[in-house]
Amino acid sequence: AMDADVKNESLSSVQQLGVEMTVRYGKYLKLLKEHAENGLCFVLMNCEKFLKQQQRTVVSSLCCLRERYAGYDWFASSVFLIMAGDGEKTLMFLQRFSRLLVSAFLWLPRLHISMHLPITTVESGIHPVYFCSAHHIEMLLKAELPLVFSAFHMSGFTPSQICLQWITQCFWNYMDWSEICHYIAICIFLGPDYQIYMCISVFRHLQQDILKHTEA
């Protein structure tokens with residue numbers, strides 16, 4: 001997007017809060033320098049401008065379909081940190097990455113009311129990650145870790161809910177930074193199905209804790 005166009009865009013309060021958190025985390029990891037906020041804001045506004053060109057106009061009673069993507073762009077922020085705060089490199093990567101199928105699963109704002117989706121899918125307001133990745137996670141969890149699956153079933157809380165949270169946030173606040181980088185790299189190099197295997201492996205790692213909580 002042209003600089004002039006981007007300056008007309010503004011970030012929502014949720015995005016501004018996300019920028020503060022990202023910059024604070026980046027400085028804690030010693031990846032970002034002072035005034036990194038400007039670079040990240042520029043990246044997010046460019047992403048919004050770029051993705052808007054590929055969005056449909058949908059007439060719907062759902063608020064999430066009448067407005068911009070409601071959440072914060074954790075994937076773009078992760079790439080910004082991987083690029084050590086270089087906004088130009090981040091945008092160049094995202095532009096090329098957006099051509100890959102895996103971008104639909106790692107970068108959630110990528111398919112927000114997108115023209116690349118069937119109109120019925122768009123109108124449902126449900127992101128493909130939920131009915132693709134999260135659905136397969138539940139099927140695999142039932143086969144691989146039946147005790148964990150039963151524990152979730154008894155709690156009345158579905159594994160897909162927590163997995164969608166993990167995936168949307170790129171595992172921020174759940175994994176260490178090096179593990180987040182590994183998650184992104186594995187999915188890009190080996191395919192989006194590794195997103196499913198990653199979630200299953202986390203459940204396997206947490207199995208004893210989950211079963212203890214169920215008993216208690």
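These exercises work through aromatic pairs and a surface patch in a predicted model.

**Exercise 1.** Classify the ring pair formed by Trp-74 and Trp-172, and locate both residues.

*Solution.*
- The structure holds 14 aromatic pairs.
- In the pair of Trp-74 and Trp-172, the ring centres lie 5.1 Å apart and the planes meet at 55°.
- Planes under 30 degrees apart count as stacked and those over 60 as edge-to-face, with the rest tilted.
- The pair is therefore tilted.
- Trp-74 sits in helix H5 (residues 74–82).
- Trp-172 sits in the loop between helix H11 (159–168) and helix H12 (177–190).
- The two are 98 residues apart, so the pair links distant parts of the chain.

**Exercise 2.** Decide for Trp-74 and Trp-172: buried or exposed?

*Solution.*
- Buried means under 20% relative accessible area.
- Trp-74 has 13% relative accessibility, so Trp-74 is buried.
- Trp-172 has 6%, so Trp-172 is buried too.

**Exercise 3.** Classify the pair of Phe-152 and Phe-203, and place it in the fold.

*Solution.*
- The ring centres of Phe-152 and Phe-203 are 5.4 Å apart, with planes at 80°.
- That angle makes the pair edge-to-face.
- Phe-152 belongs to helix H10 (residues 146–155), Phe-203 to helix H13 (residues 193–205).
- The pair therefore ties together parts 51 residues apart in sequence.
- Both Phe-152 and Phe-203 are buried.
- Ring pairs join both to a cluster that also includes Trp-166, Phe-171, Tyr-174 and Tyr-183.

**Exercise 4.** Describe the nonpolar surface patch that contains Tyr-130.

*Solution.*
- Ile-126, Tyr-130 and Phe-131 make up the patch.
- Together they have about 270 Å² of accessible area.
- Tyr-130 lies in helix H9 (residues 128–144).
- At 35% relative accessibility, Tyr-130 is partly exposed.

Methods:
Residues are numbered from 1 along each chain as its sequence is written. This is a predicted model: local features need pLDDT of at least 70, side-chain atom pairs count only at pLDDT 80 or more; totals for chains, interfaces and linings use all residues. Side-chain values use heavy atoms; hydrogens and water are left out. Rings of Phe, Tyr and Trp (its six-membered ring) pair if their centres lie within 6.5 Å; planes under 30 degrees apart count as stacked, over 60 as edge-to-face and the rest as tilted. Helices (H or I, at least four residues) and strands (E, at least two) are DSSP runs, numbered from the N terminus. Buried means under 20% relative accessible area, exposed over 50%, partly exposed in between (1.4 Å probe, protein chains only). Patches are made of residues with over 30% relative accessible area and no salt bridge: like charges are joined within 9 Å, nonpolar side chains (Val, Leu, Ile, Met, Phe, Trp, Tyr) within 5 Å. Accessible areas come from the Shrake-Rupley method with a 1.4 Å probe; for residues, only the protein chains shown count as cover. A salt bridge is a side-chain nitrogen of Lys or Arg within 4 Å of a carboxyl oxygen of Asp or Glu.
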